[in-house]
Every structure is written in C-alpha cells, then in structure tokens.
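Work through the exercises below with the sequence and the coordinates at hand. Each task is followed by a solution in steps.

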Amino acid sequence: MLLFGDSPPPGLVGIARLAAKSEVLEAKRVVQYFEIACQSVLNRTRPGMPFAWSINPYRGCEFGCKYCYARYTHEFMELRESVDFEDRIYAKSNLQPILKRELTKIDGTKGICIGTATDPYQPAERRFERTRAVLEVFAGQEGVDLSITTKSDLVKRDVDLLVKIAKKNRLSVNMTITTLDVSLARALEPRAPRPELRLKAVRVLADAGICVGVFPNPIMPLITDQEARLDQLAKAAKDHGARYFGGGVLFLMPCSRRVFFPFLEQRFPHLLRRYQERYEADPYLKGPYKDTIRKRVAEVRDRYGLQSAPPPRPELESQKLF
C-alpha cells in the first residue's frame, strides 16, 4: 500500500496516477478511505438517459452489492480485483468550487442525478460529508432538475438542505429497495441499511414535503421478480409516502458476473446455469422477459396509485408552501 507522499509506480497516468497518490483518510476493518483530487464534478451521461448529468462524490462503494454494475470504474485506477471496489473508497476533494463553476456552463433543467455509479450516502459519507457539500451548492441554485438515488437511510440527515433545494428547484429522491426480505437483502447488499430503515427514511422525506419514490432495482429473474414480492414492496412504498415506483431488470456486465455468479452458486445454485446461459448471451436480457416484467411492474404500480417516475413539476410556485 502506498502511503501519502510515496511516489506512484512508474507508467501510471490520469486517474490511475491520482489514485496511487491519494492520501489515506481513514482505515476501518478491511475498508480504507482515500482522498482523491477532483478534476470535474459533473459527468455527461449517454444519450437516452432521463438526465443529462451525473454526480458521484465517491469512487467505489462500501455497500458491496453483489449485482453492482459499476465495479469496472475502479479499473480506470488499475484496481482490478472485485473487492477493491468496496474496500478502497475514494472521497473526491474540492467539490464545491468546481461544481459552482461547472453549473454556470450547463442547462440545469436537463437533469442532474447524484448517485448513479456509487451510493452518495454510503458509510464514508458519515465521516467525510462530500454529498452534503454538493447539496450545499444546490441549495443556492434555482431552476435545476435534481434527483438523488440511494439505498441508505442516511439521506434523512440532510432533510434541511433538501427542503431548501426543493423550494426553488425540481427535486426527487429515489430510494432503492430491492427486496423486503431481510435475509435476502443482507446477502445481496451486505453493508447496506436494512429495508425497513430505508422505508422509514422514505416516510421522513415524504413528511418533509420531498418528492420521493421507491425503485425495486435491479429486478432479478426468479429471485425478486415474483408479482407477490413486487406487490408487497409497492404497497410498503405507498404506505410510507412514496409517490412513484419503477424498476428495471438486472443487467450483468462481465465485471458484475464475476461477483454475482459466485453468489448464485452459493445462494441459488439451481439458477446458476440458467443465468449463465442467458446473461453471457446478452448482458441486458433483451426480449419478451423484459416486456413481461415491465407489464408486471405497471400493474402493481397502478394497483396502489403510484406513478412510474417523479411527476413533472413546472409549478415551482406551489413549492413555496414548503
């Protein structure tokens, strides 16, 4: 392990060189926290996404979700072991001045999402508050379309800022709850808060007037895709004040399969071969199955009067009631 001040290995460039030079902020159990220089806060998304820009205050995610698609991002730093993504967490530095500068150059109404690759409220946030620093910037903005995606109840810590942001911007919070089965949730998302804690956070946000929804993502074939499971989750979302409910089917890129397939072998061995055959042929599982799940989610959603996404809100005047 390199300590702060050591020279990085020769030949490393760009983000890999920055990672090698990063100062250790703190080490806990097998998890190490580093600070990494931030060159840009806003990341342009690919065409077809519901938002034009994304923000990830951290590189790596301690929750260790077995299905996580973002593990490949650590490979940019020449960290190629799957466990590195969840055990070597990089907190980005100098976020506020860079974000303020970048926001003057873009159209914020095109959509900005916080937490697309790594969870903005993972355990590191309790210590380093990089997500809160980002929200402090948005609290001074007006007319921005901002969303936050997380599976952590820590988001309720920032209700004061979220209410302030919502007064002059379009704000929504997407709470990811893959399953209400506590045992399954712990196996799938080893270090993430329990489902009931996430639901309680949904209630706190809803009671504060924040537009909040629940995403049962990713919906996993023959594991979490049953109508009864989705119905139970949609009902719980509605009961806790969620306004929308939408989910997409699991996709598995090679970096994800290296972790998810061993999980299946241990927990659902009877499904392993079927998953291998389907996902090695098509990481996105295109075809009639996705249409079936889309219809199933829509039927469950309609049953509880939930929308599919945050409602359009050009009515900023009504937000002044918050």
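**Exercise 1.** Does aspartate 160 count as buried, partly exposed or exposed?

*Solution.* The model is a predicted one. Aspartate 160 has a relative accessibility of 45%. Buried requires under 20% and exposed over 50%, so aspartate 160 counts as partly exposed.

**Exercise 2.** Find the salt-bridge partner of aspartate 160 and place both residues in the chain.

*Solution.* Step one: the partner is arginine 132, with the closest N and O atoms 3.0 Å apart. Step two: aspartate 160 sits in helix H6 (residues 159-168) and arginine 132 in helix H5, so the pair, 28 residues apart, links distant parts of the chain. Step three: arginine 132 has a relative accessible area of 17%, and is therefore buried. Step four: both residues belong to a salt-bridge network that also includes Glu125, Glu129, Glu136, Arg157 and Asp158.

**Exercise 3.** Identify the salt bridge that arginine 130 makes with a glutamate, and classify both side chains.

*Solution.* Arginine 130 pairs with glutamate 35, the closest N and O atoms being 2.8 Å apart. Arginine 130 is in helix H5 (residues 130-138) and glutamate 35 in strand E2 (residues 31-36), 95 residues apart. At 14% relative accessibility arginine 130 is buried, whereas glutamate 35, at 24%, is partly exposed. The total for the structure is 20 salt bridges.

**Exercise 4.** Explain how aspartate 291 and arginine 294 are placed relative to each other in helix H12.

*Solution.* Their side chains form a salt bridge with an N to O distance of 2.8 Å. The two residues are 3 apart in helix H12 (residues 288-303), which means that about one helical turn separates them. Aspartate 291 is partly exposed at 44% relative accessible area, and arginine 294 is exposed at 52%.

**Exercise 5.** Decide whether cysteine 65 is in a disulfide or free of one.

*Solution.* A search of the whole structure gives 0 disulfides. For cysteine 65, the nearest cysteine sulfur belongs to cysteine 61 and is 6.2 Å away. The cut-off is 2.5 Å, so cysteine 65 is in no disulfide. Cysteine 65 is buried, with 7% relative accessibility; cysteine 211 is buried too, at 1%.

**Exercise 6.** Locate glutamate 62 and name the side chain with which it makes a polar contact.

*Solution.* Glutamate 62 lies in the loop between strand E5 (58-59) and helix H2 (84-87). Its relative accessibility is 1%, so glutamate 62 counts as buried. The side chain of glutamate 62 makes a polar contact of 2.6 Å with that of tyrosine 33.

Technical notes:
Residues are numbered from 1 along each chain as its sequence is written. This is a predicted model: local features need pLDDT of at least 70, side-chain atom pairs count only at pLDDT 80 or more; totals for chains, interfaces and linings use all residues. Side-chain values use heavy atoms; hydrogens and water are left out. Helices (H or I, at least four residues) and strands (E, at least two) are DSSP runs, numbered from the N terminus. Buried means under 20% relative accessible area, exposed over 50%, partly exposed in between (1.4 Å probe, protein chains only). A polar contact is a pair of N or O atoms within 3.5 Å; within protein, one must be able to donate a hydrogen and the other to accept it, and residues adjacent in sequence count only if both atoms are side-chain atoms. A salt bridge is a side-chain nitrogen of Lys or Arg within 4 Å of a carboxyl oxygen of Asp or Glu.
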